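The following exercises concern helix packing, ligand surroundings and backbone geometry. Please work through each task before reading its solution.

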Amino acid sequence: MDGALLAQKVRTEVAADVAALRQRGVVPGLTVVLVGDDPASAVYVGGKEKASREAGMAGETIRLPATTSQAELLALVERLNADDSVHGILVQMPLPKQIDPDTVINHILPQKDVDGFHPVNVGKLLIGHTDGFVPCTPAGIQRLLGEYAVRTTGAECVVIGRSTIVGKPMAALMIQSGPLADATVTLCHSRTRDLAAHTRRADILIVAAGRTRLVTAEMVKPGAVVIDVGMNRIDDPTSRTGTRLVGDVDFDGVRRVASLITPVPRGVGPMTIAMLLRNTVRAAQRSVGA
Ligand code: NAP
C-alpha cells in the first residue's frame with residue numbers, strides 16, 4: 001500500500017479546498033509550537049511546516065526554549081486560541097518535563113485541536129460524532145483502507161498498541177458503525193497473553209508498538225491486510241547515515257503472506273501529515289460555516 005502516493009492525492013484535494021477558501025478571503029492557518037530542541041521533533045515540525053506551506057496555508061512555527069514554563073506555554077496557547085487567523089494549533093510532543101502535556105492539550109480550543117487529542121474530540125470519536133477531529137495517524141490508516149477497497153465490515157481487526165495517539169483512537173474508529181468501520185476489534189498491548197494467537201485471527205492487523213520485528217510471517221493469517229505504524233531507527237552500516245528507518249513488521253517475510261502491507265517508510269508516515277492538513281482545512285471551513 002503506497003502511503004506516499006495516496007498522501008500526494010490527499011494533499012492535492014486539500015490544496016483545492018484551500019484555494020476555494022482563499023476565494024472567500026479565508027487563508028487556513030496552522031500554527032505549530034515546538035518547545036525545546038529534540039532533534040526528532042524538529043524534523044517532524046519541519047515536515048509539517050513545509051507541507052502546510054505547499055498546500056497554500058498560512059503556516060507558522062513558534063520555537064520556544066527548553067526552559068519555557070508551563071504558564072508561558074499556556075499563555076501562548078490562549079493567544080493562539082483568540083487569534084482568528086489561526087485555525088489549527090499543534091503543540092509538538094514530547095514537552096520538557098516541567099510542562100504537563102495534558103494540561104496543555106486541555107487548553108487548546110477543541111475546534112482548533114487538529115491533532116484530535118483534546119478530551120472533547122476524543123469523546124466525540126468514541127461516541128461516533130463526526131464533527132470532531134480524529135487523530136491524524138488513525139485517520140490516515142482508515143483512508144488507506146478505503147483507497148485499497150479493504151472490506152472492514154465484520155472483519156476481525158487486531159490493533160497492537162494502546163497509546164492515545166495511535167492504538168486507542170484506531171480501535172475507536174474501527175468499532176464505529178458505518179463505512180470503513182463495523183469491524184470486530186481486539187486491542188493488544190504489552191500485557192497481552194499470547195499475542196500471536198490474536199494476530200493470527202486478524203483480517204486487518206494494525207501494528208503500533210515501536211518494536212522492531214514484533215510481527216513476523218508466522219503470526220499473520222494468509223491474505224491479511226497489515227498496516228505497520230512503527231518507526232524505529234536501527235543501525236545500518238551500509239546506509240549513508242549509518243542508520244535506517246524500519247517498522248514493527250518483518251516486511252520481507254510478512255509481504256509473502258499478506259494480501260496488502262504498508263512499507264516503512266512511504267506507508268503510514270506520509271498519510272499522518274496529509275491528514276493533519278485535511279484537519280486544518282476542515283477547521284478553517286467550520287470557522288466560516290463552509
Ligand atoms: P507508545 O506510546 O510507546 O505505545 C506503544 C504501545 O505498544 C503500548 O501500548 C505498549 O503496551 C505496546 N507494546 C509495546 N511492546 C509490545 C509488545 N511486545 N507486545 C504488544 N504490545 C506492545 O507508542 P506510539 O506513540 O503509539 O507509537 C508506536 C509506534 O508508531 C512508534 O514506533 C512510533 O514512532 C510510531 N508512530 C508512527 C507514526 C506515523 O505517522 N507513522 C505516528 C505515531 C507513532 P503498554 O501500553 O502495555 O506499554
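**Exercise 1: Unusual backbone geometry**

Pro94 lies in the loop between β3 (88-91) and α4 (101-107), helices (H or I, at least four residues) and strands (E, at least two) being DSSP runs numbered from the N terminus. The model is predicted, so local features need pLDDT of at least 70 and side-chain atom pairs pLDDT 80 or more, while totals for chains, interfaces and linings use all residues. Residues are numbered from 1 along each chain as its sequence is written, and side-chain values use heavy atoms, with hydrogens and water left out.

Task: Determine which peptide bond that ends at Pro94 is cis, and where Leu180, with its positive phi, is placed.

Solution.
1. The bond from Met93 to Pro94 is cis, with omega near 0°.
2. A cis bond also joins Val264 and Pro265, with omega about 0°; Pro265 is in the loop between β10 (260-261) and α10.
3. Leu180 is not a glycine, yet has a positive phi of about 60°. Leu180 belongs to the loop between α7 (167-174) and β5 (184-188).
4. Most residues other than glycine have a negative phi, and most peptide bonds are trans.

**Exercise 2: Packing against α6**

Task: Find at what angle the axes of α6 and α10 cross, and which residues meet.

Solution.
1. The axes (lines fitted to C-alpha atoms, for helices over the stretch in contact, with angles from 0 to 180 degrees between N-to-C directions) come within 8 Å and cross at roughly 105°.
2. The helices α6 and α10 are therefore roughly perpendicular to each other (under 35 degrees counts as roughly parallel, over 145 as roughly antiparallel, 65 to 115 as roughly perpendicular, the rest as oblique).
3. In contact (heavy atoms within 4.5 Å), residues of α6 including Cys136, Ile141 and Leu144 meet residues of α10, among them Val268, Met271 and Met275.
4. This contact divides into 8 nonpolar, 4 polar and 1 charged residues (Ala, Val, Leu, Ile, Met, Phe, Trp, Tyr, Cys and Pro are nonpolar; Asp, Glu, Lys and Arg charged; the others, Gly among them, polar).

**Exercise 3: The ligand shell**

Task: State how many residues surround the ligand, and which helix gives the largest share.

Solution.
1. The ligand is surrounded by 21 residues, each with a heavy atom within 4 Å; Arg162, Ser163, Ser190, Met231 and Thr272 are the closest.
2. Helix α10 (residues 268-287) provides the largest share, 3 residues.
3. By class, 9 residues of the shell are nonpolar, 10 polar and 2 charged.
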